[in-house]
Amino acid sequence: MGSACVDLFAPSKMGTFDLSHRVVLAPMTRCRAVSELPSPAHVNYYSQRTTEGGLLITEGTLISNTAAGFPNTPGIYTDEQVEAWKKVVDAVHAKGGIVFCQLWHVGRASHQDFQPDGAAPISSTNQIISDKFKTVLPDGTWGGFSKPRALETAEVREVVEQYRQAAVNAIRAGFDGVEIHGAHGYLIDQFLKESINDRTDVYGGSTDNRCRFLLEILRAVIIELGIDRVGLRISPAIDHIDATDPDPLNLGLAIIERVNKLQTEFGSKLAYLHVTEPRFTAEGVKNGEDDDEESRLMRAWRKEYDGVFMASGGYTKELGMKAVVNGDADLISYGRLFISNPDLVHRFRVDAPLNPYHRETFYTFDPVVGYTDYPFLSDEDEKTARL
């Protein structure tokens with residue numbers, strides 16, 4: 001358990017990395033890349049949110065030309081993309097920050113307009129996402145998802161190779177590590193969740209088989225990068241884009257058991273395990289109060305995981321502080337609050353008011369509005385906050 005002297009602003013050891021505080025920039029899709037390339041706006045955006053010794057996780061970054069499900073999303077599978085990311089990484093490092101690249105494939109959470117030659121999106125299944133969910137299409141309008149195509153067994157192994165190569169490319173770009181996005185109903189989660197995975201091959205059926213794809217990806221990436229440069233994000237209880245499981249508690253425990261065994265095999269630990277709290281649902285974020293069931297799940301997963309545990313999902317400063325002080329998490333990642341407050345860590349430290357975020361500009365394509373134009377705390381506001 002934690003103690004009162006360990007809070008959001010206490011230093012933390014994350015593998016070989018020394019963090020100066022425990023407030024992490026969560027990975028968030030922002031739709032500002034042009035032709036899948038990070039731009040000068042990305043350099044500014046990530047630099048604004050960098051603190052010395054602070055950890056940033058990039059937006060979901062495409063591992064291949066079949067991985068996209070949102071417009072203007074950056075990739076990490078071509079040399080040109082690697083070169084563009086170098087400028088972002090250099091800006092973060094210049095300010096003393098640590099930055100991981102989130103490796104992403106949306107799987108069936110896509111539309112044929114994003115796919116090469118208008119092909120069907122790939123997935124663990126042929127089941128389409130229900131029409132109660134919508135996505136941003138290439139022209140910026142909202143629409144439904146296309147019917148996916150279940151990967152053949154041999155093709156699954158080809159996608160594992162794409163993750164491995166994307167991880168290698170991320171290190172070439174200068175990233176300190178990578179986060180494998182295994183959450184929120186995207187490709188890896190489509191293999192993990194029983195409600196989605198209806199396969200009859202070695203990647204479907206039993207819990208072992210449904211975890212196989214994730215573990216093959218982790219193993220391939222760890223062999224290339226070293227285990228301490230690899231993080232993993234999971235969301236066993238999240239119901240986004242139909243990603244439900246009849247037993248989320250035990251799904252999470254099963255994943256953690258297998259990750260712990262992998263860590264034992266490699267003689268060290270992942271950089272972190274990043275878990276989205278169930279208060280983040282298809283209907284949005286629940287109220288900021290603790291919920292017994294949500295807390296039970298997170299604490300059960302936290303108890304079983306042998307390593308650095310990062311929590312996300314609607315945390316306020318107060319809830320994040322409570323989680324760290326109580327030992328329920330080592331690190332807390334913040335999304336929307338970091339969008340509207342580039343100096344979020346400083347504002348938390350001095351207990352200053354926060355800028356409100358504007359949801360309508362989360363996924364617009366403007367390189368400034370709703371992206372890099374949120375104000376920093378003024379000297380006058382800081383003096384008021386310190387009174």
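This report describes strands, helix packing and aromatic pairs in a predicted model.

## Strand β6 and its partners

Strand β6, which covers residues 98-104, is mostly covered, with 7 of its 7 residues buried. The side chains of Ile-98, Phe-100, Gln-102 and Trp-104 point one way from β6, while those of Val-99, Cys-101 and Leu-103 point the other way, and the residues of both sets are buried.

Three strands are described here as partners of β6. Strand β4, made of residues 55-57, pairs with β6 in the parallel sense over 3 bridges, and within this pairing Ile-57 stands opposite Phe-100 of β6. Strand β5, made of residues 61-62, also pairs with β6 in the parallel sense, here over 2 bridges, and Leu-62 has Trp-104 of β6 as its bridge partner. Strand β11, made of residues 177-182, runs parallel to β6 and is joined to it by 4 bridges, with Glu-179 of β11 as the bridge partner of Gln-102. Gln-102 and Trp-104, which take part in these bridges, belong to the set of β6 residues that points the same way as Ile-98 and Phe-100.

## From β11 to β12 and β13

Strand β11, already described as a parallel partner of β6, also pairs in the parallel sense with β12, over 5 bridges. In this pairing the bridge partner of His-181 is Arg-233 of β12. Strand β12 pairs in turn with strand β13, residues 272-276, in the parallel sense over 4 bridges, and there Gly-231 stands opposite Tyr-272 of β13.

Strand β12, residues 230-234, is mostly covered, and 5 of its 5 residues are buried. The covering applies to both faces of β12, with Val-230, Leu-232 and Ile-234 buried on one side and Gly-231 and Arg-233 buried on the other. Gly-231 and Arg-233, the residues named in the bridges to β13 and to β11, thus lie on one and the same face of β12.

## Helix packing

Helix α1, residues 40-48, packs against helix α2, residues 79-94, at an angle of about 25°, with the two axes 9 Å apart. Angles under 35 degrees count as roughly parallel, and α1 and α2 are therefore roughly parallel to each other. The crossing in which α1 passes α2 is right-handed. On the α1 side the contact is made by His-42, Val-43, Tyr-46 and Ser-47, and on the α2 side by Trp-85, Lys-87, Val-88, Ala-91 and Val-92. Buried residues of α1 include Ala-41, His-42, Tyr-45, Tyr-46, Ser-47 and Gln-48, and the elements covering the buried residues of α1 include β3, β4, α2 and α9. Among these, β4 is the strand that also pairs with β6.

A second pair of helices is formed by α5, residues 207-225, and α6, residues 248-266, whose axes come within 11 Å and cross at roughly 35°. This crossing of α5 and α6 is likewise right-handed. The residues of α5 that meet α6 include Cys-211, Leu-214, Leu-215, Leu-218, Ile-222 and Ile-223, and those of α6 that they meet include Leu-251, Ala-254, Ile-255, Val-259, Leu-262 and Phe-266. Charged residues are also found among the participants, including Asp-208, Arg-210 and Arg-219 in α5 and Arg-258 and Glu-265 in α6.

## Aromatic pairs and a cluster

The count of aromatic pairs in the model comes to 16. One of them is formed by Trp-104 and Tyr-186, which are edge-to-face with 5.2 Å from centre to centre and 85° between the planes. This pair links distant parts of the chain, 82 residues apart, with Trp-104 in strand β6 and Tyr-186 in the loop between β11 and α4. Trp-104 and Tyr-186 are both buried.

The ring centres of Trp-142 and Tyr-363 are 6.2 Å apart and their planes lie at 70°, so this pair is edge-to-face as well. Trp-142 belongs to strand β9 and Tyr-363 to the loop between α10 and α11, and the pair links these distant parts of the chain across 221 residues. Trp-142 has a relative accessible area of 53% and is exposed, whereas Tyr-363, with a relative accessible area of 32%, is partly exposed. The residues of both pairs belong to one aromatic cluster, formed by Phe-70, Trp-104, Trp-142, Tyr-186, Tyr-357, Phe-362 and Tyr-363.

Terms used. Residues numbered from 1 in each chain as written. Predicted model: local features only at pLDDT ≥ 70, side-chain atom pairs only at ≥ 80, totals over all residues. Heavy atoms only, no water. Buried < 20%, exposed > 50% of the residue type's maximum accessible area, 1.4 Å probe, protein only. Pairing = 2+ DSSP bridges. Phe/Tyr/Trp six-rings, centres within 6.5 Å; stacked < 30°, edge-to-face > 60°. Axes fitted to C-alpha atoms, helices over the stretch in contact; angles between N-to-C directions. Parallel < 35°, antiparallel > 145°, perpendicular 65-115°, else oblique. Left-handed = near helix turned anticlockwise from the far one by under 90°. Contact = heavy atoms within 4.5 Å.
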